[in-house]
Amino acid sequence: MRVYLSHGTLSFPGYFGERALEALSRHAEVVRNMGEAELRDEALAEAAQGCDAIIAYRGSPGTEATFANSPDLKAFLRCAVDISTVDVTAASRHGILVTQATPGFVDAVVELGIGFMVDLARGVSRSVQDYRAGRIPEVRAGLQLRGATLGLVGYGRIARRMAEVATAMGMRVLAHDPSTGTHSLAEVLGEADIVVCLALSTPETRHMMNAAAFAAMRRGACFINLSRGELVDEAALEAALDSGHLAGAAMDVGSFPDQMPNPRLAARADVIATPHVGGLTPAAAEHQAMDTVRQIAALAAGRMPEGAVNAAQATRLGFA
């Protein structure tokens with residue numbers, strides 16, 4: 001079996017790695033993208049000519065242009081949980097299997113979220129910025145997290161793990177999930193000292209954190225987004241910060257390309273921002289890379305792999 005690994009030389013170390021590459025090489029002949037650029041469309045198809053499968057970094061989406069120009073391609077493996085970069089309908093039309101990895105980043109994202117909460121509650125970044133600018137920081141009382149209320153909007157794997165950690169810290173936890181219920185959104189927003197957005201991104205949840213949602217939050221509360229940028233109306237968030245209704249915000253995602261935070265918001269003194277690195281730890285990245293290795297091993301053995309998204313439409317595999 002011949003596999004094209006789309007990760008360029010810049011993304012390979014952090015998002016795939018040598019150990020996963022060594023493991024992959026035991027099951028397939030590996031063709032690597034040895035350039036810095038992440039290839040897509042016809043360029044990706046050309047680079048992967050003769051390959052049975054592509055393992056795709058997010059910079060190499062699965063598009064109609066790639067699938068239509070890849071006559072030998074049987075499988076497109078997304079080295080992540082998120083398959084929003086893959087046109088599954090187009091892949092199915094061409095008989096190409098699409099797979100996704102399992103989430104290995106739960107603890108990594110939760111740890112970053114806890115760090116955000118501590119920072120917002122105690123003004124850590126504000127003090128650091130002042131000292132670096134040669135100013136003596138204003139001494140302010142902070143929020144003690146033990147006894148404070150954490151509101152979780154969305155209650156998937158990351159939120160459930162965050163609830164466990166926060167509970168162990170002595171926090172009261174309220175959760176609302178748009179798809180399953182639990183507490184009402186009004187209750188979560190109205191009672192929480194810190195609201196963390198972890199809802200799934202769907203057409204229904206777009207801008208669910210809007211002007212009305214921010215107005216429903218307690219005055220002086222803080223907001224954190226660890227999910228997807230499109231869940232937040234950034235103009236409304238900015239207005240809530242400008243008015244002083246919200247004391248601060250933190251975000252690992254936003255409306256800029258590749259889910260990066262909006263630089264204008266990120267530059268604010270009352271905002272903490274990181275460049276979409278919530279799940280970027282060696283352990284989390286290797287977990288997902290090794291998922292793709294196991295999927296290739298299954299395909300090489302003539303088995304449908306775990307994580308298959310469109311198994312019934314994957315006619316190029318020739319499985320009975």
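**Two sheets and some ring pairs**

Okay, let's start with the bigger picture of the second half: seven strands form an open sheet here, ordered S8-S7-S6-S9-S10-S11-S12, and the pairing is mixed. Keep in mind that this is a predicted model. At the edges of that sheet you find strand S8 (181–182) and strand S12 (271–273), and each of them pairs on one side only.

Let me zoom in on one pairing. Strand S10 (residues 221–225) and strand S11 (residues 246–251) run parallel, joined by five bridges. If you want a residue to click on, take Asn225: its bridge partner in S11 is Met251.

Now, what packs on this sheet? Helix H6 (residues 106–122) does, and it touches strand S6 (149–153), strand S9 (194–197), S10, S11 and S12. The direction of H6 makes about 155° with that of S10. Helix H11 (residues 234–242) packs on the sheet too, touching S10, S11 and S12, with its direction at about 140° to that of S11.

On to the other sheet. This one is open as well, with five strands in the order S2-S1-S3-S4-S5 and parallel pairing. Which strands stand at the edges? Those are S2 (29–32) and S5 (97–99); each has a single partner strand, so one side of each has no neighbour in the sheet. On average, neighbouring strands of this sheet are turned by 20° against each other, direction ignored.

Within it, S1 (residues 2–5) runs parallel to S2, and four bridges join the two. Arg2, for instance, stands opposite Glu29 in S2.

Two helices to look at here. Helix H2 (residues 18–25) lies across S1, S2 and strand S3 (53–56), and runs at about 135° to S2. Helix H13 (residues 282–300) lies across S1, S3, strand S4 (75–78) and S5, at about 160° to S4.

And how do H2 and H13 sit against each other? They pack at an angle of about 5°, and their axes are 9 Å apart. That makes H2 roughly parallel to H13. On the H2 side the contact is made by Arg19, Ala20, Ala23 and Leu24. H13 brings in Glu286, Ala289, Met290, Val293 and Ile296.

Right, aromatics. The structure holds four aromatic pairs, and I'll show you two. For the Tyr15 and Tyr57 rings, the centres are 4.9 Å apart and the planes sit at 55°, so this pair is tilted. It links distant parts of the chain: Tyr15 is in helix H1 (residues 12–15), while Tyr57 is in the loop between S3 and helix H4 (64–68), 42 residues apart.

Are these two tyrosines buried or exposed? Tyr15 has 21% relative accessibility, so it counts as partly exposed. Tyr57, at 12%, counts as buried.

The other pair is Phe67 with Phe76, and that one is edge-to-face: 5.5 Å from centre to centre, with 90° between the planes. Phe67 is at 0% relative accessibility, so it counts as buried. Phe76 is buried too, again at 0% relative accessibility.

One last thing to look at while you have the viewer open: Arg32 lies over the face of Phe12, 3.9 Å from the ring centre.

That's it from me. Questions?

Technical notes: Residues numbered from 1 in each chain as written. Predicted model: local features only at pLDDT ≥ 70, side-chain atom pairs only at ≥ 80, totals over all residues. Heavy atoms only, no water. Pairing = 2+ DSSP bridges. Axes fitted to C-alpha atoms, helices over the stretch in contact; angles between N-to-C directions. Contact = heavy atoms within 4.5 Å. Phe/Tyr/Trp six-rings, centres within 6.5 Å; stacked < 30°, edge-to-face > 60°. Buried < 20%, exposed > 50% of the residue type's maximum accessible area, 1.4 Å probe, protein only. Lys NZ or Arg CZ within 6 Å of the ring centre and 35° of its normal. Parallel < 35°, antiparallel > 145°, perpendicular 65-115°, else oblique.
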